[in-house]
Structure formats: structure tokens, C-alpha cells
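Biologist: I would like us to take a close look at a single part of this model, going slowly enough that a first-year student could follow along on the screen.

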Amino acid sequence: MKKTQLNNKSLYPFEEWSISQDHFDVDSNYIGETIFALGNGYIGMRGTFEEGYTGPKGSSLEGTYINGFYDTYTISYGEVAYGYAEKGQTMLNVTNGKVIRIYIDDEPFDMLRGELVGYKRTLDLKKGILIRDITWRSPKGREVKIVFKRLVSFTHKQLAAIHLDIIPINFDGKITLITALDASVSNLTVENDPRIGSGLKGKSLIAYDRKIHSGYGYIASSTQNTDFKLICGMKNSLEYTNSYSMDEELQDEWVSSIYNIDAFKGQVISLNKYIAYITSLDFEEEDMLSHLDDILEKGENLGFERLCAEQEEYLDKFWYRSNISIDGDMSLQQGLRFNMFHLLQSTGRDGKTNIASKGLTGEGYEGHYFWDTETYILPFFIYNHPDISRQLLVYRYGILDKARERARQMGHKKGALFPWRTIGGEECSPYYPAGTAQYHINADIALAIKKYMDATGDVDFLISYGAEMLFETAILWADLGDFIPEKGNQFCINGVTGPDEYTAIVNNNVYTNMMARENLWYAHEVALWLKQNAEDVYRNLCTKLDIDEKEIGDWKIKGDRMYIPKDKKTGLYPQDDSFFQKAVWNFEQTPKENYPLLLHYHPLVIYRHQVCKQADLVLAMYLLGQYFTQQEKEVNYDYYERITTHDSSLSTCVFSIMANEIGYREKAYKYFMDTARMDLDDYQGNTKDGIHAANMAGTWMCVVNGFAGMRTMDGAIYFNPYIPEGWSGYSFRINYHGTLIEVNINRDEVAYKLLDGERAVIYHKSEKLLLDKGHPSYIYKY
Ligand code: BGC
């Protein structure tokens, strides 16, 4: 049932399964383009308008993106040093396939001219379509109803479609539709915010072939530097019983089919437009056109209605496994579902692409993939759609050779160092203190593999991909660290940056050291397991990576002797060796408008102080909670909370989860509120540049790992549920070793139910429960 709640602060009314807007305003247009973006993990289309936009400069960004489709540019440094990243990579803004211009006689349809008599835009999270329903009165007084429906197909990777209905309300006359492909596109260039824009200047995508005929058309383009090819094609079909004629237009960067229609009051004119994107990353160049034709034909044969039905069926399955219901807070409910929907839209699932930190919704961070994937987003997929999480890890395997090369550049004779930010696999961070220095990415990937294995037992993955990545990352840690006499000959890792980007190039960052230790231990454990269970694989890997038993044994020793700085008396962990030797940032004297600090202070000023951009030690306490006592969690949380600005969107979800674990329930709720609607309510002030994908997944973690207290350890899954005061109940589902478990929590009881699969062992607090056909559910009274 759809309910709407009043809402003072948000741009959108609180609805269960949709995001909608019943008036159009220029001020929120830019943000709306991100919110109403559609995608399928491959194609991403911002929620811009088919007819174009004539609002003020800076209030819109026309954007279409293809995951993994990028061009490079030479990074220019004032002063270069050895090993700096040389090339930047930017996910390209590609040919706009959405264009449908409407003219009523000589008057162009434009929402900023004439009068919007009726307007409703809806993103339907169950149907996976975007609908814009408009009644418009032209400046000359002609009234028309216009309904656009748009989808980016979840079931056909390269396909998007638009359905348009136009009904003249008070006139007979000429209506002209121009349905086009527009390749005159380029990316945003660098602005004065390091989070937006790229170093890619001018046009990157150059059109080299084009065609238009009978509603069918395409433009083929090539990137300047990577030499990737893209063909964007369209097939239009008009459904109209009265007369019309057709023209076409062909320019270098524009092809269009033009329908000149004799329109009559009350008679519906319908247009279906199928749009496809084919690239040389998926197909041989010479086969691209025939694949384009195939996919357009498939779209047209299925028809828009069938595509909608497929979209809904796909989403039914998605929500069956991933839905979270919250009774008692519609705003959170909406935020959660919106976030999960966008995660699905953002995620590459072909094993060759990944998740850009802004999804496929904008150009922030140039479309790069970060540790955001493994640390924040992967858990959502591991426990909801393990097949997708596997593909994300397979992507990392695909760039392993480049990570090996990078390790050599960084002075390591063996091992691999994954890039801090990349699309194609090379390190693209031009600012190494907060880029390459974040070696922890290696261990983040290793921990993600461990979690994936814990939840799936996918031995085939371990043998084919996982083990090699674990070994290569372990080799790197073993080479990077040293036994330092001054530190009692413990194994130290110096000169790295932890997750907190307001502190850089430090020795013994606790997060990094603990994560590296986990990486070393797990790689060692897997090596022993392989030796026992798949000796061939073990031997082959030893030969390929030039390692032997002694070296593998050393991983364990180095892990065991890892140096973890800590004040034994207080239980406080310094974030790194020198952290407590710095003055605490003067928060009292920092005006509100100076946040985020990174836009107002030189990095050195920030680095000299105890101030955190985001969870670092607190993140270690969450991910590796088994190594901290409850008292340590408490004192460290209290300490680090005071000095954390949350200037990164990756922070509040971790603080919410840990607040729950410690028992700070109000704080947990407050941080969760900051997380759940971050993009819908534009908390970070930059939703226009794209969604915050890691934070969106953080919302899921806040509920499942935070309020429901889910943890996995040594192959077991634990719950420790709590229900926030304002809620009457909440429920979610977890995939674990091929089973589907529903957890339902209300004010009186907690119920665990086996929905699919044979048998699952879970823990309610410390009590072990066996869910199977004979005993599929357990209920606990509070
Ligand atoms: C954060 C990083 C994150 C990046 C991309 C930065 O602001 O500090 O941790 O990986 O954004 O989301």
C-alpha cells in the first residue's frame, strides 16, 4: 500500500516504493538529475529531460555513462617525482540517446516556458521506470498532455527505451517530434573542488561514422587516447493512426528522425524509442554494428510493455532477496529502498567493470573505483546477491597484472599493489599522500575475499581467482614491512596512509597494520588449505609467484609479530605512531562554513593536527571487532568521535554501527539518519555530482550489522538484534551458503525463518540455532 507522509525538509514526499515530485523547480534540478538517474550497471543516464533544458548555466549536467568506458589524459604535475601516476582516466560522458524534441507548430515544448499545468515525476522502485507526466500550456495557449516513460533495461545490458505519449487537449494542428542521437558531448573539466571534474580537456569522443534511415540511426565514435569504440544506436517507431510524414537529418555529431504529425484533439500519438550502446570492450570492432542491430531489433520485437514487464520481474526477484522493511518510519524506509535500488543500478556485473564511487549517475571522482567497493558495498551484495559480489572480485583479478606492475614501480620485487583509484587498473591518483599511500586497499580486497568465502564457500572462486590475489597481496605486505629494533623487533609498516585522509604518510597506522595482519594470516591459512586439498593449484601458484613454504611460513610469523600501537593503561589506540603527538584541531574556532576542511585548509595544516575526515580506528573496531575488548571499543569510540568531522560520506554509517555495538542507541540512530537519506536530502551538498554509493551500502550495514547486530566469524553468523524506539518492526533477508534467512524483529519478539535452502546454522546472541525443514523458524520473546 502506498502512503504519503508530510515532509518539511525533503524535496520528495515520503513514499514506500517511489521517489516523486509534483512540481518542477530549477533550484533542485541538478540534484534531481542524480536522484532520478537510471542505470543497469552498464548504462547510466542522468535524469535529464528528453526535450533538453534551457535553465541557467550550472543547474544541469546532461550525462550518459558506460561503465568501464573511459579515456586517459596525461596528469600534469608542477614537479614530478619517480613513480607518480602518469595518466588520469575519466569515465566518459557519451552520446546522448535520450533526445526527443517536441514542437507544437513553431513552439518548442520547454518546461521553463509556457505554463506547467500539471507535473509529476516518479521513479518507481518496483517497476524500475521513470515516469514524467506533464500537462503543458504553450505560450500561445495550446494545451497538451505529455507522458514520458524511460527505462534502462536490467535484463538486456546494452538496451534502454523511452515511451512517449502526446495528447493535444485543446487544439488540432501540427506536432513535430525530433528523435535524435547527440554526440556533441564532453566531460566536466577540473573545478576548484578535488572531488569534481577531471583533467580531461575538450572533446574525447570523436564521431567517425553515422547513419539515419527510417527511424533507425547510429553514431559511431572513438576515444582519443584509449582508442575504444562506441556505437550508440536508436530505433524509433511511431504508433499513430492519422497521417504523418518523416524526414531525417544527418550531421557529424547529430542524427535524427523527424516525424511531422497531423495532430487532433484527444488523439494519442505514441512513440517508442529503443536505444543501444555497444562498445569495443565487449565486442570485436567489426562485429559491433551487427550486435547493435540485434539488440535494437530485440528491443523492438519485445516492445516497450514487455520490457517493462521484464524489468518488474527482475526487480521482484531483487526485492525478494534484498528488501528491508521498516514499520514506523517512512522517511527511512524510502531512503533505504532508494539506496538499494541505486546500488543495483550502479554495479558492474560482467567481471570487467566495478562500481564507481558515484555509480553511473555523475562525474564526481571521474567514475573511479575505490576501496569503497570492497569495504562498504560488497557486503550488501555478498549477503543479497553473491553472484554479483563474485563478479566484482573477478574484476579485481582482471587487473592483477597491472597491480603487479605497480608494485614493481613502487620498489617491490614481488607481489601486487592494487591502485587506490582506477577504472582500467592503473593507478590514477595524482595526489599520492591520499592516493597510492593508501596501501590498505590491498588488505581491503583480501578481507572482502575472506567474507565472500565465509558466506558462500565458493571453492571454485578461491582456486581460480581468490588465492592468487590473497598470495600476491600477502607477498606485498611481507615485503613492505620490517622488524624494527626500536619497536621490540615487531613487524612495522611505515610510510602509509590509513582510511582517514586528514592524516597522511604515517608509520604503523593501526587500521592498516591490523588489516595487513589479517591478510597475511588468511593467505597463510588458504595456502595450507590448498596444499592439503588442491596440491596442483598450490604448486602452480608457488611457481607462478616464485614463493616457497618458507616464505609462506613467514607470512604467519610477520602477521603474529605485527606491531599494533596501543596505550595499555587507557586502552586507547593511537591512529598511528605519531597521532597523539599532535595538537587536537581547534574545532571551537572553526566556523561551520569551513567544512569540509579539505576545501578550506592546506593539507599540511590538517595533517599537523588530530582531526579525522572519516572512520579509521573506529572502522578497524567494526571490521576486526574480535581483536578489541568492549572497554577498548568504548574509550576509542569516545575519543575518535570527538575529533571526526565526517567530511567523507564513508564515515557516519561506521559510527552508527559501532554506536549500536557499544550501546549508544541514540547516537546510532542519529548517525543512521545522516546516512539513510544522505542523497535524497543532499546532506553532503554535492548529490548533484552523483550518488554516494558507499554510503548507500552503509545504510544497509547500519540496519543489518548495526541495529540487528549481524556479525560473521569463523564461518558462523551471529545476530544481536535491537529495535529503535520509534519503529514498530523491521525485517530483512540474508543469503548465506545458498540459503535465504528472514530476520523479523518487532517490539515483542525476534523471529528467524528459513525461506530457501536446506539447512542454516545461525546464532541468536550466543545461542546456536539450527534452521532446517523440520524446524524452519525460531521465535524469541524480548
Ligand atoms: C574518501 C575516500 C573514498 C573516496 C571515494 C573520499 O572522500 O575519503 O575514503 O574512497 O572519497 O568515495
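Biologist: By class, how many nonpolar, polar and charged residues does the shell around the ligand have?

Modeller: Please keep in mind that this is a predicted model. Sorted by class, the shell around the ligand is made up of five nonpolar, three polar and three charged residues. If you wish to find them in the structure, the residues around the ligand are Ser357, Tyr365, Phe370, Trp371, Asp372 and Trp420, together with Glu501, Lys613, Gln614, Ser648 and Leu650. Several of these can be followed down to single atoms: in Tyr365, a polar side-chain atom lies 2.9 Å from an oxygen atom of the ligand, and in the side chain of Trp371 an N or O atom is likewise 2.9 Å from an oxygen atom of the ligand. For Gln614, an N or O atom of the side chain is 2.7 Å from a ligand oxygen atom. The ligand exposes 310 Å² when it is taken alone, and the protein buries 94% of that area. The space that the ligand takes is the largest pocket.

To place this site within the whole chain, it helps to look at the domains as well. The protein chain is divided into domain 1, which covers 26-75 + 85-288, and domain 2, which covers 385-645. Their centres, taken over C-alpha atoms, are separated by 42 Å, and the contact between the two domains takes 13 residues from domain 1 and 13 residues from domain 2.

Key. Residues are numbered from 1 along each chain as its sequence is written. This is a predicted model: local features need pLDDT of at least 70, side-chain atom pairs count only at pLDDT 80 or more; totals for chains, interfaces and linings use all residues. Side-chain values use heavy atoms; hydrogens and water are left out. A residue is near a molecule or strand if one of its heavy atoms lies within 4 Å of it. A polar contact is a pair of N or O atoms within 3.5 Å; within protein, one must be able to donate a hydrogen and the other to accept it, and residues adjacent in sequence count only if both atoms are side-chain atoms. Accessible areas come from the Shrake-Rupley method with a 1.4 Å probe; for residues, only the protein chains shown count as cover. On a 1 Å grid over the protein atoms alone, a cavity is a set of points where a 1.4 Å probe fits but cannot get out, and a pocket is an open set with protein on both sides within 12 Å along at least five of seven lines; lining residues have an atom within 4 Å of a point. A molecule sits in a cavity or pocket if more than half of its atoms lie within 2 Å of its grid points. Ala, Val, Leu, Ile, Met, Phe, Trp, Tyr, Cys and Pro count as nonpolar, Asp, Glu, Lys and Arg as charged, and the others, Gly among them, as polar. Domain bounds come from an automatic or database domain assignment. Contact means heavy atoms within 4.5 Å.
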